[in-house]
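Reader: I have a model on my screen and some labels I want justified. Can you take me through the reasoning behind them?

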Amino acid sequence: MSDHQESDAEEQWNTLENYRARLTSVIEPCRITPYLRQCKVLNHDDEEQIFNDPSLVIRRRKVGVLLDILQRTGCKGYIAFLESLELYYPDLYRKITGQDPTRTFSVILGKGNTPFNLSLLFWFFASI
């Protein structure tokens, strides 16, 4: 990652840090971790730490650790996290970004700027 990309990611996470109290009070980690694993910004060990660490019995602490882990993944983690908010917490996404959810996801395919319309995936599975 270039120095410019690193500074952008750091700035993005610093902006998100202003919402940390709100994020930890609202988010249920079990709702968003499958999406984040699919985006490959969390791995099995990360998930084990979040859900099975005996020092993390309070949900708010689990969310805090989740945010800390994602912050280490840089820009990709930031984008995947915002996409998970867009999917599962649209009101929170709107508050943080000032934008309405579009349900167009890029990280899930691992191709950066390639849009992915999750509604097509839901339609596909509903038709089976």
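**Labels and their reasons**

Author: Start with helix 3, whose buried residues are Pro29, Ile32, Thr33, Tyr35 and Leu36. Keep in mind that this is a predicted model.

Reader: What is the overall make-up of the protein?

Author: The protein has 8 helices and 2 strands. From the N terminus, the order is α-α-α-α-α-α-α-β-β-α. Of its 128 residues, 37% count as buried. Take the contacts between residues at least 6 apart in sequence: 59% of them join residues at least 24 apart.

Reader: Why is Thr33 called buried?

Author: Its relative accessible area is 1%. Buried means under 20%. Thr33 therefore counts as buried.

Reader: Where does Thr33 lie, and which residues does Thr33 contact beyond its neighbours within four places in sequence?

Author: Thr33 lies in helix 3, residues 29-38. Leaving those neighbours aside, Thr33 is in contact with Leu42, Glu47, Phe51 and Leu66.

Reader: What makes the pair Thr33 and Glu47 a polar contact?

Author: The distance. The side chains of Thr33 and Glu47 are joined at 3.4 Å. The cut-off for such a pair of N or O atoms is within 3.5 Å.

Reader: Why is helix 3 called roughly parallel to helix 5?

Author: Helix 3 and helix 5 (residues 59-71) pack at an angle of about 20°. Angles under 35 degrees count as roughly parallel. So helix 3 is roughly parallel to helix 5. Their axes are 11 Å apart, and the crossing is left-handed.

Reader: Which residues meet between helix 3 and helix 5?

Author: Helix 3 brings Pro29, Ile32, Thr33 and Leu36. Helix 5 brings Arg59, Lys62, Val63, Leu66 and Leu70. By class, that contact has 6 nonpolar, 1 polar and 2 charged residues.

Reader: Now Lys40. What is notable about its phi?

Author: Lys40 has a positive phi of about 65°, although it is not a glycine. Most residues other than glycine have a negative phi. Lys40 takes this value just after helix 3.

Reader: Where is Lys40 found, and why is Lys40 called exposed?

Author: Lys40 is in the loop between helix 3 and helix 4 (44-52). Its relative accessibility is 68%. Exposed means over 50%. Lys40 therefore counts as exposed.

Reader: What makes Ile79 partly exposed?

Author: Ile79 has a relative accessible area of 33%. Buried needs under 20% and exposed needs over 50%; partly exposed is in between. So Ile79 is partly exposed. Its place is in helix 6.

Reader: How far apart are Ile79 and Cys39 in sequence and in space?

Author: Ile79 and Cys39 are 40 residues apart in sequence. In space they are 9.8 Å apart, C-alpha to C-alpha.

Reader: How do you know which label the pair of helix 6 and helix 7 gets?

Author: The axes of helix 6 (residues 75-88) and helix 7 (residues 90-97) cross at roughly 130°. Roughly perpendicular covers 65 to 115 degrees, and roughly antiparallel needs over 145. The angle fits neither label, so helix 6 and helix 7 are oblique to each other. Their axes come within 5 Å.

Reader: Which residues make that contact, and how many are nonpolar?

Author: From helix 6 come Leu82, Leu85, Glu86, Leu87 and Tyr88. From helix 7 come Pro90, Leu92, Tyr93, Ile96 and Thr97. By class, the contact of helix 6 with helix 7 has 8 nonpolar, 1 polar and 1 charged residues.

Methods
Residues numbered from 1 in each chain as written. Predicted model: local features only at pLDDT ≥ 70, side-chain atom pairs only at ≥ 80, totals over all residues. Heavy atoms only, no water. Buried < 20%, exposed > 50% of the residue type's maximum accessible area, 1.4 Å probe, protein only. Polar contact = N/O pair within 3.5 Å; in protein donor to acceptor, adjacent residues only side chain to side chain. Contact = heavy atoms within 4.5 Å. Axes fitted to C-alpha atoms, helices over the stretch in contact; angles between N-to-C directions. Nonpolar A, V, L, I, M, F, W, Y, C, P; charged D, E, K, R; others polar. Left-handed = near helix turned anticlockwise from the far one by under 90°.
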